[in-house]
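Please open the model in a viewer and keep the selection panel at hand. The tour below proceeds stop by stop, stating what to select and what is found there.

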Amino acid sequence: MGISLHDPEVASALDRMYAEARDQMAALRDGGAFSRLSEASPQERADALSDFYLPVTPEAGRLLYALVRASRPATVVEFGMSLGISAIHLAAAVRDNGSGRVVTTELSEAKVAAATKTFADIGLDDVITVLAGDALTTLQTLEGPVDFVLLDGWKELYLSVLELLAPRLSPGALVIADNTSMADLVPYLEHVRDPSNGYVSVPFPARESDSMEISCRAVT
């Protein structure tokens, strides 16, 4: 069996998407979009940034692929699909494991439409379910245990999403949080680093100026 990340259609799509994302990030920083939207609601931010990728780095994407391959989760949940770069890495790993599914969430209707088309174009749509709308609502419909979680949506909602999913987390489930150097993530980090909450957690550098938090649901 080949490696789905190296499939020509998947690799070509990721190369294109990362190139577009690099151009966009420079424009976002120069234009001050993030600071202007700091007081906006999640929906207002999603609508304002509906054309922007806001992706994990290529290194973080490969880390996600490796973690899913190693842990072999039956159900992967992603909070914050954006335009689908991280979901592609997760779905490629699920495909190569031979079983499992990715359930991803996104608030922007435009991003849901664009990412859904990309997933179909590269042949990964059969292992991805996209839940459109507020994740705190759509994830309530999720059935069965959750074995792997990626948190990469609006940062102030990480803890709320984790608490929503916590009753469904299987023993040993991995929870990966991106952008954990941001101030909004302090309550989340305090939660997963407190042993009384049932996690074993470690920071992992995902880029020079930022990190991920990798947490294992250690209770049995």
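**First stop: the loop before β1**

Select Arg72, which lies in the loop between α4 (58-71) and β1. Helices (H or I, at least four residues) and strands (E, at least two) are DSSP runs, numbered from the N terminus. The structure is a predicted model, in which local features need pLDDT of at least 70 and side-chain atom pairs count only at pLDDT 80 or more, while totals for chains, interfaces and linings use all residues. Residues are numbered from 1 along each chain as its sequence is written, and side-chain values use heavy atoms, with hydrogens and water left out.

Arg72 is not a glycine, yet it has a positive phi of about 50°. Most residues other than glycine have a negative phi. At 48% relative accessibility, Arg72 counts as partly exposed. In this tour, buried means under 20% relative accessible area, exposed over 50%, and partly exposed in between (1.4 Å probe, protein chains only).

**The whole protein**

Now display the entire chain as a cartoon. Its secondary structure comes to nine helices and seven strands. Of the 220 residues, 51% count as buried. The protein exposes about 10,100 Å², of which carbon and sulfur atoms supply 55%; accessible areas come from the Shrake-Rupley method with a 1.4 Å probe, and for residues only the protein chains shown count as cover.

**Strand β1 and its partners**

Select residues 75-79, which form β1. How many of the five residues of β1 are buried? Five of the five are, and the strand is mostly covered. Thr75, Val77 and Phe79 point one way from β1, whereas Val76 and Glu78 point the other way.

Add strand β2, residues 101-106, which pairs with β1 in the parallel sense over five bridges. Two strands pair if DSSP finds at least two bridges between them. Then add β4 (146-151), which runs parallel to β1 and is joined to it by four bridges. Val76 is a useful residue to centre on: it stands opposite Val102 in β2, and its bridge partner in β4 is Phe148.

Next, show helix α5, residues 85-97, which makes a right-handed β-α-β unit together with β1 and β2. A crossover is right-handed if, with the strands pointing away from the viewer, the path from the first strand over the helix to the second runs clockwise.

**Two loops: Ser82 and Gly153**

Select Ser82 in the loop between β1 and α5. Ser82 also has a positive phi, of about 55°, although it is not a glycine. At 8% relative accessibility, Ser82 counts as buried.

Move to Gly153, in the loop between β4 and α8. Gly153 counts as buried at 12% relative accessibility. The C-alpha atoms of Gly153 and Phe79 are separated by 5.5 Å, although these residues are 74 residues apart along the chain. Leaving aside neighbours within four places in sequence, Gly153 is in contact (heavy atoms within 4.5 Å) with Phe79, Gly80 and Tyr158.

**Helix α8**

Select residues 158-165, helix α8, whose buried residues are Tyr158, Val161, Leu162 and Leu165. These residues cover an arc of only 100° around the axis, which puts them on the same side of α8; the arc is that of the directions from the helix axis to the C-beta atoms. Their cover includes β1, α7 (135-138), β4, β5 (169-177), α9 (186-193) and β6 (199-207).

**Salt bridges**

Finally, show the charged side chains. Side chains of opposite charge can pair when their charged atoms come close. A salt bridge here is a side-chain nitrogen of Lys or Arg within 4 Å of a carboxyl oxygen of Asp or Glu, and by this rule the count comes to five.

- Asp126 and Arg95: the closest N and O atoms are 2.4 Å apart. This pair links distant parts of the chain, 31 residues apart, with Asp126 in the loop between α6 (109-121) and β3 (128-132) and Arg95 in helix α5. Asp126 is exposed, at 57%, and Arg95 is partly exposed, at 27%.
- Lys117 and Asp121: the closest N and O atoms are 2.8 Å apart. Being four residues apart in helix α6, they are separated by about one helical turn.
- Asp152 and Lys155: their side chains meet at 3.3 Å, N to O. Both Asp152 and Lys155 are buried.
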